[in-house]
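Here's an informal walk through one model, from its helix packing to its backbone oddities. Have the viewer open as you read.

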Amino acid sequence: MRDYDAIVVGAGPAGSVCAARLAGSGRRVLLLEKSRFPRDKVCGDCLNPSVWPILDRLGLGARLRALPHVAVSEVSYHGIAGRPLIFPIAAGAEIVVKRRDLDALLVQRAVELGAEFRDNIAVTRLTPGWTVEANGERIGAPLLFAADGRNSTVARFAGRLPVSKRERTAIQCHCPRPSWHGNAVRMLFYREGYGGTAPVSAEEMNLCLVARPGDLARVRQRAEREFGIGGATEWRTIAPLARRDARDIAGDNLFLLGDAARVVEPFTGEGIYYAMRSGELAADAVAGGADSEAAYRRAHREMYRGRLWVNRVARLAGLHPRVTSMALRTFRIWPAPLGALTAKVVGQT
Ligand SMILES: Cc1cc2nc3c(=O)[nH]c(=O)nc-3n(C[C@H](O)[C@H](O)[C@H](O)COP(=O)(O)OP(=O)(O)OC[C@H]3O[C@@H](n4cnc5c(N)ncnc54)[C@H](O)[C@@H]3O)c2cc1C
């Protein structure tokens with residue numbers, strides 16, 4: 001069955017960028033999404049500066065900056081006790097924009113470039129070749145792109161999703177922003193877990209919390225007290241927080257993108273960049289013709305070269321918040337290493 005040249009499953013940043021690039025190069029593309037758009041998502045809403053070249057290549061730089069957003073002016077680290085450590089960052093480097101707005105804009109661009117978008121339709125079955133089943137309908141295409149996130153249904157059906165160990169859980173909400181918050185991204189360490197806040201407007205902020213399932217209620221109570229959050233707030237949940245990499249990110253004309261291929265620690269604020277860039281790399285590998293799978297695997301490896309140590313540091317810091325809090329005391333005396341790490345992740349424009 002060949003209804004389209006390519007089916008992309010999942011309209012997060014990876015799927016929409018991939019669909020946009022494929023459609024832009026003349027392919028007939030179907031982008032399938034299980035949620036009704038626009039939708040919110042468990043995410044810190046922080047856009048790493050590395051995304052700008054990708055957005056510019058899509059012709060979206062100015063349109064993104066026209067969305068409601070806040071430019072981050074500093075990153076601060078708050079240990080269990082003591083004064084915070086504050087690092088100013090370059091103006092306009094990192095911005096905070098709600099995922100419902102960002103993801104809707106990326107989908108809109110994919111549609112403008114010729115992709116067909118269908119939301120509220122979940123892929124529930126897969127037959128090699130490829131035929132996907134969604135809401136009882138069977139749809140076929142020779143190329144399939146799995147961009148359906150960290151719990152990728154497509155990767156699981158294809159036998160490529162590793163079984164995840166018991167891991168931490170994340171919760172997220174948008175809530176009123178206290179007047180003292182400022183335009184800072186705050187990294188918060190509690191005894192039982194960690195979290196972060198980011199301003200999404202003058203009145204509202206994003207709050208994410210991460211802990212082992214048994215500790216999450218305690219961390220949430222601490223944050224609710226600290227930021228004066230009321231009981232009516234709507235929290236979203238996602239798990240697992242971390243996962244081993246998918247087994248084979250390209251094979252049999254199936255390409256795994258974004259979180260479906262590899263999940264990074266949210267603390268780094270780089271997940272959206274990796275998602276978008278992998279969508280771009282996969283589409284370009286296919287456009288390149290022969291041996292597109294090997295080309296994508298190579299480009300995907302290259303994308304992470306020299307960057308994954310940041311993820312390891314972030315993971316360790318998040319797994320051991322008490323030790324991290326002690327380390328923050330040392331950084332008060334000698335802040336240069338933490339300042340350099342912060343600048344590496346969010347500083348460059
Ligand atoms: C707590 C937390 C905070 C984070 N904060 C940041 C941050 O501030 N900055 C940053 O850069 N990254 C952050 N990340 C990481 C970032 O959210 C992800 O890396 C990014 O969303 C991955 O994009 P994606 O397109 O691969 O997948 P997703 O954004 O997860 O999109 C997948 C899409 O697929 C859809 N889908 C799923 N299953 C199906 C199906 N069966 N059929 C059809 N559609 C389906 C989903 O509805 C979803 O829309 C954070 C992550 C967490 C957990």
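What follows covers the helix contacts, the sheets, the ligand shell and a few unusual backbone spots. Keep in mind that this is a predicted model.

**Helix α1 and its partners**

A good place to start is helix α1, residues 13–24. Two helix contacts involving α1 are set side by side here.

| Helix pair | Angle between axes | Axis separation |
|---|---|---|
| α1 and α4 | about 20 degrees | 8 Å |
| α1 and α8 | about 30 degrees | 7 Å |

Angles under 35 degrees count as roughly parallel. So α1 and α4 are roughly parallel to each other, and α1 and α8 are therefore roughly parallel too. The handedness is worth a look in the viewer: α1 crosses α4 in a left-handed way, whereas the crossing of α1 and α8 is right-handed.

Which residues of α1 meet α4? On the α1 side they are Pro13, Ser16, Val17, Ala19, Ala20 and Ala23, and their counterparts in α4 are Asp103, Leu106, Val107, Arg109 and Ala110. By class, that contact has 8 nonpolar, 1 polar and 2 charged residues.

Towards α8, the α1 side of the contact is made of Pro13, Ala14, Gly15, Val17, Cys18, Arg21 and Leu22. The α8 residues they meet include Ile272, Ala275, Met276, Gly279 and Ala283. Here the tally is 11 nonpolar, 3 polar and 3 charged.

**The sheets**

Now for the strands. Six of them, in the order β8-β2-β1-β12-β19-β18, make an open sheet with mixed pairing. β8 (116–118) and β18 (250–251) sit at the edges with a single partner strand each, so one side of each has no neighbour in the sheet. α1 packs on this sheet and touches β1, β2 (29–32) and β12, and the direction of α1 makes about 170 degrees with that of β2.

Further in, β1 (residues 6–9) and β12 (residues 143–146) run parallel and are joined by 4 bridges. To find the register, look for Ala6, which stands opposite Leu143 in β12.

There is also an open sheet of 3 strands, ordered β3-β7-β4, with antiparallel pairing. Its edge strands are β3 (46–47) and β4 (70–71), each pairing on one side only. β3 and β7 (residues 95–96) pair over 2 bridges, and Cys46 stands opposite Val96 in β7.

**Around the ligand**

Which residues come nearest to the ligand? Of the 38 residues around the ligand, they are Gly10, Gly12, Gly44, Gly258 and Gly271. The shell divides into 19 nonpolar, 12 polar and 7 charged residues.

Several elements chip in: α1, β13 (169–176), α7 (258–261) and α8 (271–287) each supply at least two shell residues. The largest share, 4 residues, comes from α8. Both α1 and α8 thus appear in the shell as well as in the helix contact described above.

**Backbone oddities**

Three spots deserve a click if you're checking geometry. Gly129 and Trp130 are joined by a cis peptide bond, with omega about 10 degrees. Trp130 lies in the loop between β9 (123–127) and β10 (131–134).

Another cis peptide bond links Ala239 and Pro240, with omega about -5 degrees. Pro240 is in the loop between β17 (236–238) and β18.

Finally, Asn135 has a positive phi of about 50 degrees, although it is not a glycine. Asn135 belongs to the loop between β10 and β11 (137–140).

Definitions and conventions: Residues numbered from 1 in each chain as written. Predicted model: local features only at pLDDT ≥ 70, side-chain atom pairs only at ≥ 80, totals over all residues. Axes fitted to C-alpha atoms, helices over the stretch in contact; angles between N-to-C directions. Parallel < 35°, antiparallel > 145°, perpendicular 65-115°, else oblique. Left-handed = near helix turned anticlockwise from the far one by under 90°. Contact = placed C-beta atoms within 7 Å. Nonpolar A, V, L, I, M, F, W, Y, C, P; charged D, E, K, R; others polar. Pairing = 2+ DSSP bridges. Near = placed C-beta within 6 Å.
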